[in-house]
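Work through the two exercises below with the sequence and coordinates open. Each task is followed by a stepwise solution.

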Amino acid sequence: MLLASFAQAEPLRIATFNTALSRKGPGILLRDILRDDDPSIASVVQTITAANPDIIALQGIDYDLELSALNALADALTAAGAPYPHRFAAPPNAGRQSGVDLDGDGKRGGPRDAQGYGRFFGQGAMAILSRYPIMTAQLQDFSTLLWRDLPGSLYPIIDGAPFAGTEAHATQRLSSNSHWSLPIQTPTGPITLLTYHATPPVFDGPEDRNGRRNHDETVFWVHHLAGEIGTPPQDAFILLGDANLDPTRGDGRGKAIAALLAHPSIQDPLPEHPTANWAQTGPMRVDYILPSHHWQVADTGLIWPQGDAASRHALVWVDLTR
């Protein structure tokens with residue numbers, strides 16, 4: 001009985017990390033991992049191994065249909081003493097060509113005409129590594145949701161007409177990468193990960209296309225938790241990922257993440273901690289782990305990549321019990 005009680009009290013360590021491992025072409029990330037001599041990959045492996053999370057959401061990792069790059073990274077982690085037998089990624093919007101001029105430059109087929117920015121399909125996408133079984137049959141993948149179909153959508157309307165035209169308005173998806181609701185079976189029962197990676201709210205024009213989309217990618221979760229889109233979690237959940245949005249700093253519409261941080265069903269275990277540091281902006285908080293109120297927070301922390309790291313993000317981790 002004492003052993004059973006101890007096992008139930010063991011915290012679950014959850015992490016999120018924008019690895020910035022994306023490459024300029026398909027297959028290059030897999031090649032670089034297999035070569036085992038790339039300092040940015042070594043830094044990511046070292047950072048994740050130091051954190052030793054049970055479940056980690058990754059951003060900035062290129063997607064391929066056979067998950068070859070993700071599996072190679074997981075194998076490198078196993079060799080470093082951090083095994084993750086359960087891996088998940090799904091086809092993202094990043095680099096998924098739309099066939100439409102989405103950015104209004106009069107051309108089709110460019111990186112910004114993809115459903116999410118990308119020079120090739122899957123560039124800089126998302127993935128999950130877990131020590132516990134991932135319940136993929138119960139996945140809710142909201143990546144196909146059209147931006148215009150989000151309640152209260154901020155899709156830019158210029159002089160009464162949608163930016164880039166009606167065809168773009170009828171084609172553009174909300175998710176620049178993905179929005180997933182993904183259950184995982186842990187020793188204390190199933191939990192649900194709600195995860196995403198929003199577009200940066202910059203690199204656009206006066207229409208503020210990216211700023212508006214970034215706002216709506218975060219506001220999506222408010223609608224999901226209200227039961228307006230998909231089926232919200234009925235038990236313990238953790239909302240995590242890279243929102244690319246600080247509540248008070250930067251060019252983004254911070255009220256979106258501020259509203260999420262104030263949501264009555266979640267708690268914020270790392271308030272006001274910067275999680276990224278860019279030369280042009282300085283420290284900003286853009287990466288989040290927001291557990292539901294079913295959890296007790298046992299500990300929290302940030303691990304900044306060392307060595308020749310490509311990422312300007314810290315790995316964020318939280319220890320949770322229930």
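**Exercise 1.** Determine how strand S8 (residues 179-186) is joined to S9, and how many bridges join them. Then follow the chain from S9 to S10.

Solution. The model is a predicted one.

Step 1. S8 and S9 run antiparallel and are joined by 8 bridges. A hairpin of 2 residues connects S8 to S9, and Thr186 stands opposite Gly189 in S9.

Step 2. S9 also pairs with strand S10 (residues 237-242): these two run parallel, with 6 bridges. Leu194 has Leu239 in S10 as its bridge partner.

Step 3. From S9 the chain passes through helix H6 (residues 209-225) to reach S10, a β-α-β crossover that is right-handed.

Step 4. Of the 9 residues of S9 (residues 189-197), 8 are buried, so the strand is largely enclosed by the rest of the structure.

**Exercise 2.** Asp287 is buried. Establish which side chain of opposite charge is nearest to Asp287, and with which side chains Asp287 makes polar contacts.

Solution.

Step 1. Asp287 lies in strand S13, which covers residues 287-291.

Step 2. The nearest side chain of opposite charge is that of Arg285, 8.3 Å away. A salt bridge requires a separation within 4 Å, so Asp287 has none.

Step 3. The side chain of Asp287 makes a polar contact with the side chain of Thr275 at 2.7 Å and another with that of His313 at 2.9 Å.

Step 4. Beyond four places in sequence, the residues in contact with Asp287 include Thr16, Asn18, Gln59, Gly241 and Asp242.

Definitions and conventions. Residues numbered from 1 in each chain as written. Predicted model: local features only at pLDDT ≥ 70, side-chain atom pairs only at ≥ 80, totals over all residues. Heavy atoms only, no water. Helix = DSSP H or I, 4+ residues; strand = E, 2+ residues; numbered from the N terminus. Buried < 20%, exposed > 50% of the residue type's maximum accessible area, 1.4 Å probe, protein only. Lys, Arg positive; Asp, Glu negative; His and termini not counted. Polar contact = N/O pair within 3.5 Å; in protein donor to acceptor, adjacent residues only side chain to side chain. Contact = heavy atoms within 4.5 Å. Pairing = 2+ DSSP bridges. Right-handed = clockwise from strand over helix to strand, strands pointing away.
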